[in-house]
Structures are given as structure tokens and as C-alpha cells.
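Thanks for making time this morning; I would like to walk you through one structure, beginning at its surface and ending inside it.

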Amino acid sequence: MFGAKHILPKGNPPLESAYDAVLIGGGLHNLATAWFLAKEHNMNRVAVLEKNYIGYGGAGRNTAIVRANQRTQKNIPLYKEALDLWPVLTRELDFNLMFYNCGNLNLLHSEAAVKAARTNIATAKFLGVESHLLDAAETAKRVPALNLSQKITHPIHGAMYHPPGGIVRHDAVVWGLAKGAAEKGVHIHQQTEALGIATKNGRVTGVKTPAGTIYTPRVLVSAGGYTAGLLYHMLKIKMPISVLTIQAMVTQPLKPLLDHVVSSGAYHVYANQTLKGEIATGAHMDPWPNYTTQTTAGYIKHQAEALVELMPCLAGVKFMRSWAGLADMTPDMAPIMDGNDPVEGVYMNCGWGYFGFKSCSATGRYMARFLATGKCPDRLKPFALARFKNHRLMGETAALVNYTPDN
Amino acid sequence: MKRLTSLPTLRVDVGRPVPFVYKNQTGRGFKGDTIATALYAAGVRIFSRSLKYHRPRGLFSLDGESSNTMMTVNGVPNVRTETTLLAEGAMIRDQNAIFTARNDLLGFMDRLDRFMPAGFYYETMHKPASLWPVAAKMVRKAAGLGRIAPDFRFSGACDEMYPAADLCVIGGGPAGMEAALAAADQGLRVILLEARPWLGGSFDYRERGSGEDAPLYRQAADLASRVSTRAAIRVFTRTAMVGGYSDNLVTAVTEGGPDDPFDYRYLEMRPRAVVVATGSRERPLIFENNERPGVMLPDCALRLARTYGILAGREAVFSVGHDLGLEAALDLSELGLPVRAVADVRTKGHDPALVRGLADRRIPFYPGWAAAAVEGKKGVKSVRLASCDGGQYRILTCDLLAAAAGHTPAVEPLSLFCGPLAYDGQTGYFLPRTYPAGVFAAGRIYGLEAPQNIRISGRVAGLDAAAFCGADCRGAADAHRNELAALPMGRPASKWVAFPGPWRKHFVDFDEDVTGKHIRQAVGRGFGVPELIKRFTAAGTGPGQGGISGHNLPLLVAAIKNPSRDRTDIHGTVPAPTTVRPPLRPVFLAAYAGSGREMVKRTPVHDAQAWEGAVFRRVGVWHRARYFSADLDVSEEVDNVRTNVGMLDASTLGCFRIFGPDALSALQRVYAGDMSKIKDGRVKYAAMCNHDGCVIDDGVVIRIGENDYMFTTSTGRAGETVEWIRYHTRFDNWDFHLVNQTDGTGVINLAGPRARDVLERVTDADVSNQAFSFGCWKDFSLSGGIPVRCLRLGFVGELSFELNIPASYMQAAWDMLRKAGSGFGLRPFGVEAQNILRLEKGHVILGQESEQRTNLLDLNMGFLFSRDKDIRPVGADALLQAEKDAGRLTLVGIRMTDSSCVPPDGSILVDDQVVDPVIGYVGTIRKSRALDAVVGMALVERAWTAEGTRLAVYDGGGEPSERHDATVVRMPFYDPEGIRMRM
């Protein structure tokens, strides 16, 4: 039962001089892409280059929530496919990704929020994704810890309840995909930085590393918050991306208290209880562009204020650890997935903001198809970079974004 | 248990008993006891059961390094009883055990460890797939430590404090106190934080001195009294530093004592300099069953006796690797604890005086030996000592094993400021690689052990900090630095890791039940560095936050990866420990949340509306009256505006004045329309767009003088507007001033066919339609001299006067109008009534009929965009491009076929015949009494916008096949010619 097989490759495989594809960034999206390239397209001369260790970026810093109750019909099917893939991947990778299907409750604190949720719910249901509107009493029945008082900053009007969602153990996804990809022959090179992308006549020819140039006809850059910077420095491609720090924290472990993922836009807070019992919580981003992963004093305090008002019993619980990651935000909160434009053979997958975890499985599959065939799958076409040049935003957020100089 | 009562170091008051209840039995501690020391004195040895294996756990340390002594106190789970002062009547319960911690029915879990290797859950429980949902439920139940009731309410008082200081010294031991005094001598204002209830650090409980000096506890008392009487030094005891952030931001939490007006107080400060003098702890010794109740750190045993008067056992064995361990053994022996043997992993370099002392007391001393295992299920029965080369061993019976491998610096606070740590071969410590400006350290954190050295290093750090803050004392600092350099270094503690073996019950991390075997398994499976091992095994992720495992984990990794090397010499191969993350100590959310004030703005007539039964809703930072009836049916409010007259408090709208030579240029930049065409006395409706042409704000602009304008914004945008305009004019060097007058300006919208009748009663100004027509503005006074700026607008579609009034006059104006209107049926109306009224007129509310991607053209408001301005306004390029773009959501008016069917706002519009079947959605839709129809506004794809187009509405409630019919109709629905607002 417990073979001593490696999960992560012990040491790096030899860096070959040529690969069919080189994926820059050892996070979830590229590991998933590598897995599907090998599995569904028989392309296993693939290298994943990771400057640090795999899963060191957003993959290991998110709060593990998965769901498919997005807003638009362009987005929902992608997230639904991602959601459906967790049990499949668990089986195919033979690695328990610990998908805990507890459902998500998005709390609604105003008439306007109920209206916005109505659009999401109707769209989701119309596309075959389960989602319901609950009133305040039904909501409290599902989460007895909630404060139903009218005298709080944002009284609870109800919730959008999305039973298919839940949480997945994020590290397990990293390790499972890495193990699966490596078993199929993918080379995962940790502590190996991509220094540049070599091109000739508008086509990619290779990737520069400290150990020399790797020749390849395909490069996928998907390095989370660093992608926009890499694409600019390597190829002078400008991306409409702001990188902001997003923080999260956990409480000490408790016996089961929250049976669902609970989130609140008005309070800027979401919380779920991990299988270990910790309440993992986070929400809004630091409002200034920032490539550090530093936490701030104000944020943990804000988080406590919000949680204590929403769920007063949590006043008697203790925070024990906080951390931060990077969110690469696009103006319309939807990602950028594109390729062969402006450089043939260069693909990009970024701008996921804080949706990168929940989408990685399906995205990896489509990006693999994109790389293998050279043709953009229909599902990804709406996410092309050109939409920003054409002022055609995706509409993933209902609310008017309060534009400030920082975004 | 009888306490030692005559010790000069005692911190409990044995004359002041404090009763408590534990497992329905009354016990008694003393004032000064922590809950754990009181329980220990009462004979409790098993405090809890461990997370995974349900192993019995006892008192191991006194500063909260592990979850061993976490219990439920007064209904609050996970209370660290070893650092929490005993309060009268405390109700104490075990947690994470079935029955009790002493007799836990889940104790058998300990024998199942073979089935729980590192990360076992990743490779089990998922086959067959149907197993996992069941298993996940079981895992959830088994995991977690304490339980909190959903209706639990925290009863304590929480306070906040934001003190100012030049220097914050973290750690009130000898080094910290010396630093504080040295800095205060140089004129600095100092804050000194100490986690324990008293100052003194490691000197506080030690009798011995160094050579001719006074005993350490007396040196500590002397320093403490000097520190406490210095006005420039503010001392915070029971205050643990919990966070350190960029630019010296320090956060800390004080646990209130019996005399404090708070239970917890959050402190936040940004001193110019920080001195970290948090000392060192003992590094746990790893051996078989190294966390059995009865095994504790030597320092813990010593403090139990010296501070609390408790002899921790009847018969003790010591296994140490540092002089303080020898000192503890000798001292406890002198206090009456029989010590059967003392092993020290060091073969040489012991303090000869201590070794002599042991010999004098005939305590067998084993240099080069260490504890290898303890026997006993619920406590220690015997210990096996072995020589470090493994050649010899000896089994000794005892009930207490005081064990530590050496020291580990309490470097966590320093690491928060300094970033990654690296192994220092000299001390065997992990220390920062770099120090940011203004951050200094002192004392035992550097491996100093001789009392004199500790004190001098404190002075050096205090003077360095003072010099950093500008004091002229670099020479003095250097003099002390040289003095310190000339003194002999202390004897280093051991770098011992562990005897070779499978390490099956050798616990590296107590909280998460992580053993040496797990670490080996993790390394074997490719997790080669502590940061990855932490994620795979959970070591260091528990409530103790790496307090037990932090130092040993990287040492073990090095030992596992370099098995052939001498186990005490792995220098150069030791990887960095895991990243330290705040809070350094678990902090109640209540303490962070503080007093919990709701931050909200009220308009000047908030109370007046409340008296009239207003139901308020939060809109951005404001509370606005949304309804004036409890059942939220506002038909009477609506009808009254249509037939009589109503008044709406619109004070929350943004109100700005912009003036100066380039004021017009700035307006031209941010407004889509041409602001140079504003006629005197006329009101111009205008919109702002972003670079995508999407509408972010609308309002009116008027010219109130030469280069002087007033404009309004929506409620939600008021906060951003100044920054928005500054940002978009940042390269122009234009000369203008911009003032946000929102809070100083109240607004009453007096609307309805009788509005003029009401207004004429309170002003002498000519407000007739001839003198003051629709679309104009005018300044005049209400009776009594209240100045108003009145705008004739028509948002709700009736004759209306929008009165801008200085906030201080609002209440008076409101009352005056209310009185004047009593004969005309005047009553207030709320935002929901306004919503219906303006909907009937087809007037848009941004965010309701628009979304983030909706541009000006999509809202059929292209008339607000001027393409021939000199200055290209923000968004112009996008709007020009969008004129050719047919695939956009566009605003239309809709009418439901069935006038009894009112679908909810947000319902979607669908067409199954197309690839993307969701073709739009409803912004706002209401039953209109004026029209006797259900009308609304919707955003829909261009192809469905022609008048008369049939639309299918799906509200998301029932099955997707359940649709309602609607038709695209022309807007406005009500009074399309606009006669009523021009009356």
C-alpha cells in the first residue's frame, strides 16, 4: 500500500537539449498542462521549468476553494469542467486530492447583491450547474454560527448556495499532477530558472536557462503573478495585468463548525474549515501593486473584525498563521489564455487573479490541446489578449469596479 | 502537593488561594499560578490527547511551545493553559478525547501509526471513489482540537492601543532591560514588551551568579526596578509581540490582569528602531517517547520549582546538552528533588563548577550520553540513557525526565523583520542573514550565556538603536562592543540531533504528531527541504507554530540526507528552517477585532427620517433611508410623489467644487461631454467613463463663476473622485483646486406636482416656471436665511427642486419644508420609491442598469459624448471604436406580457436558438401603478434590441424551461414627452 515511490522527483532529471514543449512555471496550471499533454496528446518530451520548488507560488498559497458559480456563460462551463475533473484526476493520478464537496454559500447583504446573485444563479442553472437562492433563515440553518442580527454593518439578506463546490487539498493537486506527469516522462526541473525565450523570424526557437538554451517549438508561460513580467522582459509583450498581494490566514484547529465554504463580498471575507479543522480565511487584496508576499498588520485585524461580526462565536477562536500570495488581476477579472500571437509557438496562461486554483484542471486540459494542435479550442477563444485592445471586457464582475489609480 | 514557600524567586502568593473547577472537582491554585501550574500542583499529569495518535500529553514547557496543555476553559477551546493566568472559578475541561484525557477511548490510535505514514491520506481513502466522502466526514470529526459552540459569545473586553516610541525593545530579560536603559539614557522614548507577567527573563528564576556578582534573580530585580521607574521607558508585561512588519511596524497583545480594565489589548506601534532580545529556549531532545507526560524541558522543571514552588517529580533524570541544563539539575537537587543521573551529550566543555557541584552531591554524571527512550504508558516509569556512540546504556527508574538537546534562539520575532534565516556553525543557531535598518538584537538570541556578556550586549544594542535614532553615542556603543569582544565566549550548547534508528516514536512536532520516521519518509519521497516537508507532514503547522519542531526539523533533514557524517557535525549541509509567519502566538480574533465599531456615515437628517419610520440600508459608507414602511411596499410613497409631493434625502450624493484657471481643462479630461458648452444658470447632465469607455459615474455640472464649477457624483463614487481627477491630470501641470464638499452639503429633493406650492411657502425667491424653468439652477434663501442652491432636475419624472443646503442647516430646512408641506400631502420617500419612479422614466442608475463592461453607447447615452472636444476625454478612443462594434449588451425597456408577473431583478433573458443562449439580463423591473404594467430595463445583445422583440425571461427559481414572456418597448414608460417635470 505504501510503496516508497517518489512523489516529487528526487533531484532533477537531466536537462535535455530539446523538448517538444517547455512550460515556464512549476505551478498548477503548467503541471496540469504537462499531465494532459502526456496523457491525452502523447507528448511527453515536455519540460517544466521552476525557478524555486513546484507549488511554491499561488498553488501553495491559496485557500483551496473550488466552485463553478461564476457569472457569465463564457466562464461557467470552464469552471464546471474543472469541478467535474477532481474525482477524475483523483482516480487517474491515483492520488487523493481530497475534494471535499461541502458546497459554497455566498452571503448576500443587500437588495443589490441579491439581484446580482439572481443573475449568477439563473445563468448557472440554465447551463446545468446547481445553484440556489436562500433566504436569511435558510442560510442560518446551514451555518448556525452566522449572525442574523439587523444591527450589524451588513445584515444578511440571504445567500447563493452552490452545492457542487467545496475545497480541494491544494498541495495534493501539485504533488499528484507532478507525480503523474513525471511518471509519463515529463521532466520537472526545479531550481531551474528560465532566463529568456529565443525567437527567430517571429517563431520561438528555444528557452534560455542557466544550463544553456533548450530548443523547442512551443513555450507556455504560466508562472502566476510573474507571467506578465516574464512576457514583457522576454518578448516585450505588454499585458494589462496588475499584481496585487492577497493574504490569507488560519485559526487553530477546531471540531467541525462550518459545513460549507462561506463567503461575503460586503465584508470582504471568506472562510472554510479545512479537513484538519482550521478555519482558513482571506478575501480582498492589498490595494497597491506589489510583488512581495508580505503580510500586513491591518489585514489580519480587518479579517478578525469582519469574521467576528459575521460569526460572533469566532471571537473565541485564535488566528495562528497568516501568509500572502500574488494575484495577477486583469481589468475584467477574467484570465488571459492565448497563443501564437504575436510570436508563433509562444503561449500564455495568466491573469487568473484569485481564480487560478479552481480552474487549473480544466485549463490544463485545454492548454494542452492548444499546444498540441496549435489551434485555440473554442472554449478558450473568449479569453484572448486582444479583447482588451478591442475594449471588450468579459463581464465577470457585476458590480462597477471602483477604479482607482491602483487598478 | 505542598509548595516550596521560602524561595526568594517565587512568583506565586501562597497566601492567596484561587479556586478552580477541573472535571467537576474543585481545585485550588495560588495567585500567580498559570492554569497549567495549578493543575500540575494538583497532580494532573495528562493535560490533553494528541491530534492524530491520541497520545497522552503533559506539561513540557511554560511558554506555549506546543499544544500539549491546550484545554477548554470557560467554554473557550484551545486555551494555552501554560501561559494563561489562573482566574478565580475557571472551569477547565480536557479536549480531543473521548471520556477524558487520562482515559481516552481513542488511545488505540497510537498503535495504528504503521498505517499512518507521512502523507498517508494522499494515498489512501480514495479507492474506491465512494469511500472518500465517507472517510472525509470521519477525518473531519477526528481532526480539530477544541470545540466551539455556534452560539458561544466572547464575554471579555478588548481594547486597542497605538502608542508612539523611538524604540521598541522586545523581550524584558537582562539584555532587553539593559538596551532599554541605555537607549533611555540617550534620550529615547522606549517601549519594552515582555510576554511573561514580570521582567527578568532567564535571570528571574536563577539563584546562581557569576563569580562575585549578585545572584541573577537579584540582578534582574535591580534592573527591573530601574526600568520601571524610568519615565522614558514604558513597560508592557504579559504582552507578547505577535507581528513584525515592514518599516518596524510591531504588533503585540496584552493579556489583562485582574486589575486591568480589559481582558485583551491589541497594541500596534511603529517605532524608529527595534531591539529584539527574546533570548533562547531549550531545543527539545529527540528520542523514543520524548513527549510522554513526565518528560519536560529542564528549564520547565526549574521554573516550576523556582517560580511556582512545585517540585515536578519524585525522582528525576536529566539529559541535557547545555550548561543551563546542568545548572537546573544541580539547583533542583539542592531544592530537594532527588536526581538519579545527569547525562550530557557533550563530551567536553562543561562548566567545571557545575560538574563539581554534581559530584559534590554524588549525582552520577554521564558526559557523552543522552536519553534514548522512556518507558511508561501514561507517564515516565524509567529512562534508558545511552552513550552517544551507542556502545553502552543504562536503565534508570524515575518519574521525571528533564531533557533538552541544547538551546535554540527565540529568533521568530527577529525573523519577521529580517527575513530568511541561515545556519550559523559557531552557535548552531539559525540567525538572520541581514538586518534591515533600525533593527538590532541582543543577548542569548546570539548564543551568549555568561550573564555579563548578556548584559553588555543589551547595552550595545540600546546604544546602537539610539545612534540610529540620531543620538551621539556611536563611540559608547563601540566601547561596549569592544568590551564584549574581549570577554570569553560562553560554552556552546550541543548540536546533537538524535541516535540513529527508525525514529518511529521520536516526535519532532508534538502538535501534528510528526515523528522522525515521518520526516525520513517525506525526504524519501522527494520532499527534500523543510518548507516542503512542512506541507507534506504538517510539521510546524500546529498551534505551537514550530515552537517544538522549528530548529530540529532542518537538523533532521541534514542528518537524513547525510547519514554517513558525524551526527554532531552537519554544519554546511543544514537547510534553512521554514518561514516564520505571524502571529507568533495564537491571538483571539476578539483581540484583533478590538472594540468593533461600525464605521458608517449618517446624513444630517438621519434621525428625522428614523422618527418617520425609515428603514435604512447601507450604501457604500452611508446609511440611506430605503423604505418608509415596514412591509417594504412603497406604493404609497410612489403614489404620493406622483399625485402630491415627496421629499428625498439625497445628501449622500457626491458634491464637488473645482476652480482655478485650468478647472475646465480638468473637467474636459474626465467628462465624456463638452463642458465648455455649459450655459450660465443651466444644469448639464454628464458622465465619466474609464479607458474602456465604460461608464463609471454620472451627475450634473454647473458653472458657478469664472473658472469655478460645481459637480455631483453618485454616492458610491464620491470617495474616488478626487483621486480619479488628479490621476488623469497628473502629467499636465494644470492649475486647479478640487474640494470634496459631500459631507458638508445636504441635499433634499422636493418632488411632485405640489413641490412648487411647498417651496413658495418657505422662500421669497421667484420659483415660478417662468423665472426658474426646468434644467436651471439658482441660489436663494429659505426663510430664516438658510442659503440653498436649487437645481431643477427631473430624475423621478415630476416637477422637482433639488435643494443643496449646508449640512448644518439641513435639519432646520427639513423641518421647515415638512411643516410647509403638511397641507399639500408632503411626506418623505426613500430610495426604493425613487427607484420605481425613475424606472418609470427610464432613467438609469449605474450599477443597476449597467455593469462593469457597459459603456456610454450601450446605455443609449451617446449624446453625452462629444467627439470634437479639444481635449480627448478619458474613454474617447474606446467609444469611437465601440460605435462600430455590434456585439454588445445594450439597454432596452421591457414590458411583461402578463401584468401580474413581476420577475425578480437579475433574471436572465434567454434564447435557445443561439450558441450563447444567455442573451442578457434584467436590471430593474417593477410593477408600475402609474402605468398599470410591469416594466423594466434590461441589458440585451444588440440583435434583440428592436422594439417589439419578444424576450424569454428566466428567473432562476424553477426549471430552466419555465420562462416568462416580455417585449422590448420604447422608453420612457411614463410621461414620454417629459411634460410633468417641466411644469
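**A surface patch and a cavity in chain B**

I begin with Ile98(B), Phe99(B) and Leu105(B), which together make a nonpolar surface patch of about 360 Å²; a patch takes residues with over 30% relative accessible area and no salt bridge, nonpolar side chains (Val, Leu, Ile, Met, Phe, Trp, Tyr) being joined within 5 Å. Before going on, this is a predicted model, in which local features need pLDDT of at least 70 and side-chain atom pairs count only at pLDDT 80 or more, while totals for chains, interfaces and linings use all residues. Side-chain values use heavy atoms, without hydrogens and water, residues are numbered from 1 along each chain as its sequence is written, and chains are lettered from A and ligands numbered from 1 in the order in which they are written.

Ile98(B) sits in the loop between β7 (90-93) and α2 (120-123) of chain B, and it counts as partly exposed because its relative accessibility is 40%, where buried means under 20%, exposed over 50%, and partly exposed in between, with a 1.4 Å probe and protein chains only. Of the 983 residues in chain B, 63% are buried.

Turning inward, the whole structure holds 11 cavities of 30 Å³ or more, a cavity being a set of points on a 1 Å grid where a 1.4 Å probe fits but cannot get out. The second largest has about 110 Å³ of space, and its lining, with an atom of each residue within 4 Å of a point, includes His407(B), Tyr429(B), Glu449(B) and Arg491(B).

Notes
1 Å grid on protein atoms, 1.4 Å probe; cavity = no way out; pocket = protein on both sides within 12 Å on 5 of 7 lines; lining within 4 Å. Points joined across faces, edges and corners; volume = space filled by probe spheres on them. Patch = residues over 30% accessible without salt bridge, like charges linked within 9 Å, V, L, I, M, F, W, Y side chains within 5 Å. Areas by Shrake-Rupley, 256 points an atom, 1.4 Å probe, with all protein chains shown as cover. Salt bridge = Lys/Arg side-chain N within 4 Å of Asp/Glu carboxyl O. Helix = DSSP H or I, 4+ residues; strand = E, 2+ residues; numbered from the N terminus.
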